[in-house]
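The following exercises practise the reading of strands, sheets and surface exposure in a protein model. Each task is followed by a solution in steps.

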Amino acid sequence: MKRVIIVGAGTGGSALLNLLKETDQIEIVAITDINPGAVGLQKAAEFGIPFGENWEHWMDESVDIIFEATGEEEVFKELQRRTSKDIVVVPGAIAYVISALLEEKNSLISEKSEQAHNQDLILNSIHDGMIVIDSHNKVVFINQSSERILHTTKEQVVGRPVTDVIPLTKLPELLTTKEKQINKEVSLPNGKKLLSTRIPMVDASGNIIGAYAIFKDITEAVALAEELTDIKEVTTMLEAIINSSEEAISVVDEKGNGLMINPAYTKITGLTEPQVIGKPATADISEGESMHMQVLRTGEPVRGVQMKVGPKKRDVLVNVAPIIVEDVIKGSVGVLHDVSELYQLNEELSKAKQLIRSLKASYTFKDLLGKSEALQLVIDQAKIAANTSVTVLLRGESGTGKELLAHAIHHESERSERKFIRINCATMAHDYIEEELFGVAGSPGREGYFEEAHKGTLFLDEIGELPVKIQAKLLRVLQEKEVKRLGSSRASKIDVRIIAATNMNLEKAIGNEFFREDLYYRLNKLPIHIPPLRERKEDLVELIPFLLEKLNDAYGRKVEEVDRGAFERLMNYEWPGNIRELENILGRAFINMEHSGTVIRTHHIPALSSDITAEFNKRAEWEDFQLQEVVEQYEKQVLVQAYRTHNFNKTRTAKALGVSLRNLYYKLDKYGLSKNDNKE
């Protein structure tokens, strides 16, 4: 059973309350509204459901769904922000759709009643009360149900002012406004509450000639079906009501054969009367058991059963109740609610929430593992940066954790609930980078990353790889705090926090005219240098267990530790590839182990680059060798080192080595390195 809270007790919330109360699959925890006079709060009091002004009073881990029924976007966003990701927040549009459908249903029922108001026999056979007044507010007709509900007789009422009969009635207002009033509550002196629908009567010339009200005792609504003792006597009235309803309805006899369906039923299932009437109750079912047959067998109603109906297998919720005449089951009536659109909305909502989660920062300062003095200094600087909106420049070698630190700064900042967008300037196609960053005007236009990150954080990784032309436009955006889409002369104000990162020597790049000096000073307001792993090897104590746990999840293993010899070997290595290389080495050690092994030993550690260099030196000193063999082995070592250092990016690796991209591809294939790519 799902536990729900309804936020907003107006028309939409009240309609939701009525709808959800009818299903045994939903437990209404509470309904709230800042307006203590909201109609939904009054209904909640009648139903014995908790209510109040603050929805948070009833929030706990057992709540599954929150229906936002105020229709206000800000309320919906506030609920999303202040609830956990496990709680589904359904937007107010759904509540108002339900309310509109219920209003339309009652309107159609009233119109059918209006067409037959002069047929006394029909009017006296209906369970609802009806009272008619003329243009002078005098009662001209009441039916037998009205006499019962009002505890009066026709002789005592007809000819008297309607306010003498129902003191608080609003029926006379219709003689002036000519506007109908749907489902209004009326209180009687004896304490009863009526639900009244009031309709003006207008002649062919448009003149008001009176008005009438159809009302029911709310407390007797459930008893309506039980008091129907002869289905055949009310067939005409029942058909009129069913056919005017927006809810899909089907009726079967005591044997389970179809008796009646309405147009809404055909619309949902796609089945017409010849395909259903006289046919078994299973004729419309695509998936699931016939609830009609279950009710006929048990005599007990069922509510909120999920099924698929018709050739298109539409998702519906089914309520079925028995029709009992003189303690004998004469058939059953079912109401189908089409929930396929609701399922689609829920799916879209889930996708939207997943997207929002993907745009949020994934890491915090707790994910920066290590207790070295060098790392703690970085964390202290980053926390200072998190408390401001100043531009931050993260500097450090590849694999030191610049992106993780950027995530942590955003997560700790006041922008943490806004978007965190990461852009790798080195991998973006130069032909489209301007469109991606600043957007495109026209139709269809699209916003760029700066507009998308409004009020959030934009992380520009590998900022040193940004083309000089784009650097100039980026500088203008940072200075003026506004962005112009390509093809537009209109600038839009933006509020974006910039975090940039690079492993490039920007000062040298400025000297070589690869990087703008003015942009450098704009970005370098709060520089944070992340030390390489070789300068904080004591952090291996915390990094290795964390990476083992991560690799265990990836490989489905249970490796618990690194033995002393293997650990000393790792401590003695200089780690040119930093933490990324550490993870790679441990992953390769997993491969070298038996699948059931739990301890990484020295012989599991693959050859490190320092080992290869030592081997070259040893062979050069003590052994005969072929020059070509040593040159190729050393070339392979350099390729491996450069490729890893540049994060397996071929373009940047070729540029760093001073070779063409085509030549680099040839050498990678030659030494079998392209097969080990894990990133472009």
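Two strands are said to pair if DSSP finds at least two bridges between them. The model examined here is predicted.

**Exercise 1.** Determine in which sense β1 and β2 pair, and over how many bridges.

*Solution.*
Step 1. Locate the strands: β1 comprises residues 2–7, and β2 comprises residues 26–32.
Step 2. Establish the sense: β1 and β2 are paired in parallel, over six bridges. As a general point, strands of a sheet pair through backbone hydrogen bonds, either parallel or antiparallel.
Step 3. Identify a facing pair: Glu27 in β2 has Arg3 opposite.
Step 4. Follow the connection: together with helix α1 (residues 11–21), β1 and β2 form a β-α-β unit that is right-handed.

**Exercise 2.** Find how many bridges join β2 to β3, and explain why β2 is described as largely enclosed.

*Solution.*
Step 1. Strand β3 covers residues 51–52 and runs parallel to β2, to which two bridges join it.
Step 2. Across this pairing, Phe51 in β3 stands opposite Ile31.
Step 3. A residue counts as buried when its relative accessible area is under 20%.
Step 4. Six of the seven residues of β2 are buried, and therefore the strand is largely enclosed by the rest of the structure.

**Exercise 3.** State the strand order of the open sheet of five strands, and name its edge strands.

*Solution.*
Step 1. The order is β7-β6-β10-β9-β8, and the pairing is antiparallel.
Step 2. β7 (139–142) and β8 (181–187) are the edge strands, because each pairs on one side only.
Step 3. From one strand to the next, the twist averages 25°.
Step 4. Within this order, consider β6 (residues 129–134) and β10 (residues 208–217): six bridges link them in the antiparallel sense. Ala211 in β10 is the bridge partner of Ile133.

**Exercise 4.** Classify Tyr573 and Leu657 as buried, partly exposed or exposed.

*Solution.*
Step 1. Tyr573 is placed in the loop between α24 (564–571) and α25 (578–592).
Step 2. Its relative accessibility is 2%, so Tyr573 counts as buried.
Step 3. Leu657 belongs to helix α28 (residues 650–657).
Step 4. With a relative accessibility of 32%, Leu657 is therefore classed as partly exposed.
Step 5. Leu657 also contributes, with Tyr634 and Val638, to a nonpolar surface patch of about 240 Å².

Key
Residues numbered from 1 in each chain as written. Predicted model: local features only at pLDDT ≥ 70, side-chain atom pairs only at ≥ 80, totals over all residues. Heavy atoms only, no water. Helix = DSSP H or I, 4+ residues; strand = E, 2+ residues; numbered from the N terminus. Buried < 20%, exposed > 50% of the residue type's maximum accessible area, 1.4 Å probe, protein only. Right-handed = clockwise from strand over helix to strand, strands pointing away. Patch = residues over 30% accessible without salt bridge, like charges linked within 9 Å, V, L, I, M, F, W, Y side chains within 5 Å. Areas by Shrake-Rupley, 256 points an atom, 1.4 Å probe, with all protein chains shown as cover. Salt bridge = Lys/Arg side-chain N within 4 Å of Asp/Glu carboxyl O. Axes fitted to C-alpha atoms, helices over the stretch in contact; angles between N-to-C directions.
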